[in-house]
Amino acid sequence: MTFTDEWKKLNWDEVKLSIYSKTAQDVERALNKPKRNLDDFKALISPAAEGYLEQMAQESARLTRQRFGHTMGFYIPLYLSNLCANACTYCGFSMENRIKRKTLNQDEIANEIDAIKAMNFDSVLLVTGEHETKVGMNYFRDTVPQIKRSFNYLAMEVQPLDQHEYAELKTLGLDAVMVYQETYHPSTYAEHHLRGNKTDFNYRLETPDRLAKAGIDKIGIGALIGLEEWRTDCFYVAAHLDYLERTYWQTRYSISFPRLRPCEGALQPKSIMSDKQLVQLICAYRLLNSEVELSLSTRESEYFRDNVLSLGITSVSAASKTQPGGYANNEEALEQFAISDERSASAVAQAVKARGFEPVWKDWERSYSG
C-alpha cells in the first residue's frame, strides 16, 4: 500500500465542495476541539474561517511554543546544478528555457561550502534540476560525502529516486528529503509537466513512501500554491501528511508553502493566495498537527516573514541564492526563481531575535541531543 491508494479514495470536486460548504458553526466546532481531524481542517481553510483568523493565530502560536519553544531553525539552499531534463511550465530550470546551464564540480562546491560556513549555517538543502544522467546517483555519490563533512544536517531537493538509492544516500550522510507534488490534481499536473520523468504523477506521489521505507529521518511535502485551487490542493497535502504519520510514525515531517514566483517563462497562477490566506493556511496546519515542522522560504517578503514567525513557523531559509555558484560567484542568469527576502543571514537572525526567538543554525533535534 502507498499513498496512491489513499489518494484514489478522494474525489477532487467533492473535496472542494466540502471545503466551500463549511459554515461558521463548523469553524467554531473545529476551534473548540482539543484534537482536530481532516474534516476540521477543511473548515479551518474554508472561506468561512477567514473571520476567525485572530483566534486561529493565537491558538497556533500557543501550540507551536508548547511543542517547539522559542527556537527558529535556519537553513540555506545550496544549488548544485540547473541542468534539467523536464519541461515544466512554472520553473526557471525547465529544459525549454534558454538559460546558461551549470553543474558545480568539487572545487566549486568547496568554494560554496566556505561561503556558507562563513555565514554560520550548519543545515543545508542541496538542490538540483532533475537530470538523472548528469546529476544523478553517480554525481550524488561524489558530492554528498564531500558536503556532509562540513555540515551537521543535510537535506536534498532533487529528482525522485528509488528506495534503494535513498537508502544508499542515507549511508553517505543524507538526513532529509523535500519532495513536493506540485499539485495533487492529475490533469492539472499533466498540463504543467510536459516532458521528462516528472510527467509520471504516481511515481512522484509515492516518493515519500519510498523515503520512509528507506529510513530517511525527515520528509518534506507540499504543493506549489497557484497551480490549482489552493484550498483543495492544500487539503491533499494535509491528507498526505495524515497518511504518512499513521503509516511511518518513526519519521519526522515538514510542510512548506511555496507560492509561484517570477521566473524565466513565468506562469500566471491559476489560484491567487493573499497574504492573509497564507496566514490562515499556516495556522490551519498547526491546529491540525502540533508536531509537524512548518518552513517558510525567502520566496516571501521580509515584512511577511517577520510578522508570521510567531504563528506556527519552525524554520526559515536566509540569504538564499537559487543558482549554482550563487554564494561564491553570483550569476543571476542561472537562477531558478527570484527571491523576495534579500537580507543577509545575520540580518534575518537579528530580526528573529528581536521577536523573541533564538536562531538555531543546525537541525533543532540534533542540536538538543548533543
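Strand β7 (residues 218–221) is joined by four bridges to strand β8 (residues 252–256), and the two run parallel. Strands here are DSSP runs of E with at least two residues, and helices are runs of H or I with at least four, numbered from the N terminus; two strands pair if DSSP finds at least two bridges between them. The structure is a predicted model, in which local features need pLDDT of at least 70 and side-chain atom pairs count only at pLDDT 80 or more, while totals for chains, interfaces and linings use all residues. Residues are numbered from 1 along each chain as its sequence is written, and side-chain values use heavy atoms, leaving out hydrogens and water.

Within the β7–β8 pairing, glycine 220 stands opposite serine 254. Strand β7 also runs parallel to strand β5 (residues 176–178), through three bridges, and here alanine 176 faces lysine 218. In a regular strand, side chains alternate between the two faces of the sheet. Both faces of β7 are covered, with Lys218 and Gly220 buried on one side and Ile219 and Ile221 buried on the other (buried means under 20% relative accessible area with a 1.4 Å probe, protein chains only).

Turning to the interior, the largest nonpolar core (buried Ala, Val, Leu, Ile, Met, Phe, Trp, Tyr and Cys residues joined through side-chain atoms within 4.5 Å) has 100 residues, and Phe74, Phe257, Leu281 and Tyr285 have the most contacts inside it. Helix α12 (residues 230–247) supplies the largest share of this core, ten residues. Apart from this core lies another, of 18 residues, including Tyr79, Cys84, Ala176 and Tyr180.

Conventions. Buried means under 20% relative accessible area, exposed over 50%, partly exposed in between (1.4 Å probe, protein chains only).
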